[in-house]
Amino acid sequence: MNVKDSNGTALSEGDSVTLIKDLKVKGTSVTLKRGTMIKNIRLTEDEEEIECNAEKVKGLVLKTCFLKKA
């Protein structure tokens, strides 16, 4: 599987990524701010999505188009 961030850099299990855009988390009042560091990502079956745990949100799924490798 070939998972890439917004810049086309390859991502792998356990990488750290940074958000390139403020993202509202559906179903909560939390907004993840641009520049937020997310550590220890997990790859999913979908090449355009990763799983992670952010500051206040566990089990989050993010689109790779909003991420860049840290």
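Cys-65 is partly exposed in this predicted model, because its relative accessible area is 45%, a value that lies between the 20% limit for buried residues and the 50% limit for exposed ones. Cys-52, by contrast, counts as buried, because its relative accessibility is 0%. Are these two cysteines bonded to each other or separate? The sulfur of Cys-52 lies 13 Å from the closest cysteine sulfur, that of Cys-65, and this is too far for a bond. A disulfide would require the two sulfur atoms to be within 2.5 Å. Cys-65 is accordingly in no disulfide, and the structure as a whole holds zero disulfides.

Cys-52 leads to the sheet. This residue belongs to strand E6, which covers residues 49-52. Along E6 the side chains alternate between two faces: Ile-50 and Cys-52 point to one face and are buried, whereas Glu-49 and Glu-51 point to the other face and are not buried.

Strands of a sheet pair through backbone hydrogen bonds, in either a parallel or an antiparallel sense. Here, three strands form an open sheet in the order E5-E6-E7, and the pairing is antiparallel. Strand E5 (42-43) and E7 stand at the edges with a single partner strand each, so one side of each has no neighbour in the sheet.

The two pairings may be followed in turn. E5 and E6 run antiparallel and are joined by two bridges. In this pairing, Arg-42 stands opposite Glu-51 of E6, and Leu-43 stands opposite Ile-50 of E6. The two strands form a hairpin, with five residues between them. On the other side of the sheet order, E6 and E7 pair in the antiparallel sense over four bridges. The bridge partner of Cys-52 in E7 is Leu-60.

Beyond E7 the chain enters a loop. Thr-64 is placed in the loop between E7 and strand E8 (67-69). Is this residue buried or exposed? Thr-64 counts as buried, because its relative accessibility is 6%, and the limit for that class is under 20%. Leaving aside residues up to four places away in sequence, Thr-64 touches Val-3, Lys-4, Asp-5, Ser-6, Leu-11, Glu-47, Glu-48, Glu-49 and Ile-50. Distance along the chain and distance in space may also be set side by side: Thr-64 and Asn-7 are 57 residues apart along the chain, while their C-alpha atoms are separated by 9.7 Å.

The last topic is the empty space between the atoms. Rolling a probe the size of a water molecule over the atoms shows where such space is left. The largest pocket contains about 160 Å³ of space. Which residues line the largest pocket? The lining consists of Leu-23, Lys-24, Val-25, Lys-26, Glu-49, Leu-60, Val-61, Leu-62, Lys-63 and Phe-66. By class, six of the lining residues are nonpolar and four are charged, while no polar residue takes part. Strand E2 (23-24) and strand E7 (60-63) each supply at least two residues of this lining. E7 gives the most, with four residues. The edge strand E7 therefore has two roles in this description, as the partner of E6 in the sheet and as a contributor to the lining of the largest pocket.

How values were computed: Residues are numbered from 1 along each chain as its sequence is written. This is a predicted model: local features need pLDDT of at least 70, side-chain atom pairs count only at pLDDT 80 or more; totals for chains, interfaces and linings use all residues. Side-chain values use heavy atoms; hydrogens and water are left out. On a 1 Å grid over the protein atoms alone, a cavity is a set of points where a 1.4 Å probe fits but cannot get out, and a pocket is an open set with protein on both sides within 12 Å along at least five of seven lines; lining residues have an atom within 4 Å of a point. Grid points are joined across faces, edges and corners, and a volume is the space filled by probe spheres set on the points. Ala, Val, Leu, Ile, Met, Phe, Trp, Tyr, Cys and Pro count as nonpolar, Asp, Glu, Lys and Arg as charged, and the others, Gly among them, as polar. Two strands pair if DSSP finds at least two bridges between them. Buried means under 20% relative accessible area, exposed over 50%, partly exposed in between (1.4 Å probe, protein chains only). Contact means heavy atoms within 4.5 Å.
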